[in-house]
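Trainee: I have the model open. Let us go through its classifications one at a time.
Mentor: Good. Ask for the reason behind each label.

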Amino acid sequence: MTTHRIGVIMNGVTGRMGTRQHLVRSILAIRQQGGVQLPDGSRVMPDPILVGRNAGRLEALAREYGLARWSTDLAACLANPDDRVYFDAQTTSLREQGLRAAIAAGKHIYCEKPIATDLATAVDLARLAKRAGVKNGVVQDKLFLPGLVKLRRLVSSGFFGRIIAVRGEFGYWVLEDAQPVQRPSWNYKAEEGGGIILDMFAHWRYVLDELIAPVQALSCLGVRHIEQRLDEQGRPYTCTAEDAAYATFALAGGITAQFNSSWCVRVYRDELLTIQVDGTEGSAVAGLRECRTQHRVNTPKAIWNPDIANPLRFRDQWLDVPDITEPDNAFKVQWELFLRHVASDTPFPWDLMEGAKGVQLAELARQSWQERRWVDVPELR
Ligand SMILES: NC(=O)c1ccc[n+]([C@@H]2O[C@H](COP(=O)([O-])OP(=O)(O)OC[C@H]3O[C@@H](n4cnc5c(N)ncnc54)[C@H](O)[C@@H]3O)[C@@H](O)[C@H]2O)c1
């Protein structure tokens, strides 16, 4: 059996996402399973080189996972024709310069969302990659979460009848004084590319567009609830970015979607993200792993009566959607699809232009918030 090596330059790999999700749970897990099978029966094996600013941290990371290759010289890595893929999980505001350099070097591009901090840059990057003829993709991991895979199955089976409304609850309390910090401090600084709108609306765009219906307009209120937090060194800093966003989306087909996104909410839900979809024939609540349904014929006749203890146990009336395949890490599943796309030209629809749509939604959400009005979402070509 033939195994093709594919060199992957991994930038930002010492970060929260870079280390855990992309290096350990994706690339190393793929190496451990013997690579990714291609349509012709051969396999492709990713060979990472870890890139960043801090030699000590890179060396320690490489040693911990038994990897030989690391570097603090991105330009030298990009000049190596043996490494054909550039992956970027740096902080969002650094993405543009990394991607521009990698596209100029003729590398195939895979990167974290959001692909840029503003729409004009995002579209420019997508066009540059297209013109350069390099393959390109953006992380859209929520589509591959087991709970949302089940939700997709429900939608495509026609379970819901006519979908009327969607409600997303995302969030948890991010402790202000936790050490080490629970989330990086740049997330709470507008001037460093932070803010929950840019962070999460990049996800809501592809989740809604792909699983439910295209987003056509939105209204959004952003709020900065917490003024001060402690940074990575334990020093207090003033937050300048919104840490919660309350948005309503109008989708094609007259569907309404509401999403609460917050780092200042205490969880009384089964999972950190839950998406409820209500349709004329049935409803479902999907989370990261689980998905529960209630069909029209199982819907109880609820009667408002605060004078007696509630006789209905609403949660008991929902049914689990079973897993039909063994659940796998969402980031790994998408990495496998991207590596196959690079090696065998199999389809990979989640390109930089799709990533630009997420940036567009975030930008329009901020506009809606600033101007206190609904805004349309024009088609991006
Ligand atoms: N797909 C998802 O669900 C998901 C979840 C969280 C974050 N993200 C995205 O992943 C990216 C990284 O987020 P993270 O939470 O891992 O961030 P992080 O701060 O933990 O990691 C950032 C990485 O960039 C590097 N970096 C390079 N120059 C830097 C500088 N000047 N300042 C700070 N860091 C610098 C850091 O060393 C580190 O490797 C962001 O774009 C974020 O939006 C995606």
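**Ligand, helix pairs and domains**

Mentor: This is a predicted model. The shell around the ligand divides into 5 nonpolar, 8 polar and 6 charged residues.

Trainee: Which residues of that shell are closest to the ligand?
Mentor: The closest are G15, R16, M17, E112 and P184, and 19 residues surround the ligand. Helix α1 (residues 16-32) supplies the largest share of the shell, 3 residues.

Trainee: What makes G15 polar and M17 nonpolar in such a division?
Mentor: The classes do: Gly counts as polar and Met as nonpolar.

Trainee: Why are α7 and α9 called oblique to each other?
Mentor: Their axes cross at roughly 125 degrees. Roughly perpendicular ends at 115 and roughly antiparallel starts over 145. The angle falls in neither class, so α7 and α9 are oblique to each other.

Trainee: How close do the two axes come?
Mentor: The axes of α7 (residues 196-212) and α9 (residues 352-371) come within 8 Å. Their crossing is right-handed.

Trainee: Which residues of α7 and α9 meet?
Mentor: From α7, I197, L198, F201, A202, W204, R205 and Y206. From α9, E354, K357, G358, V359, L361, A362, A365 and R366. These residues divide into 10 nonpolar, 1 polar and 4 charged.

Trainee: What makes α1 oblique to α8?
Mentor: Here the axes come within 9 Å and cross at roughly 55 degrees. Roughly parallel needs an angle under 35, and roughly perpendicular runs from 65 to 115. The value fits neither, so α1 is oblique to α8. This crossing is right-handed.

Trainee: Which residues make the contact of α1 with α8?
Mentor: Q21, H22, R25, S26, I27, A29 and I30 of α1, with F331, K332, W335 and E336 of α8. They divide into 5 nonpolar, 3 polar and 3 charged.

Trainee: What are the bounds of domain 1 and domain 2?
Mentor: The domain assignment gives domain 1 as 3-141 + 330-351, and domain 2 as 142-328 + 360-371. Their centres, taken over C-alpha atoms, are separated by 28 Å.

Trainee: How many residues of each domain are in contact with the other?
Mentor: 15 residues of domain 1 are in contact with 16 residues of domain 2. A pair counts if the C-beta atoms lie within 7 Å. Helix α8 (residues 330-344) gives the most to the domain 1 side, with 4 residues. That side divides into 4 nonpolar, 6 polar and 5 charged residues.

Definitions and conventions. Residues numbered from 1 in each chain as written. Predicted model: local features only at pLDDT ≥ 70, side-chain atom pairs only at ≥ 80, totals over all residues. Axes fitted to C-alpha atoms, helices over the stretch in contact; angles between N-to-C directions. Helix = DSSP H or I, 4+ residues; strand = E, 2+ residues; numbered from the N terminus. Left-handed = near helix turned anticlockwise from the far one by under 90°. Contact = placed C-beta atoms within 7 Å. Near = placed C-beta within 6 Å. Domains from an automatic or database assignment.
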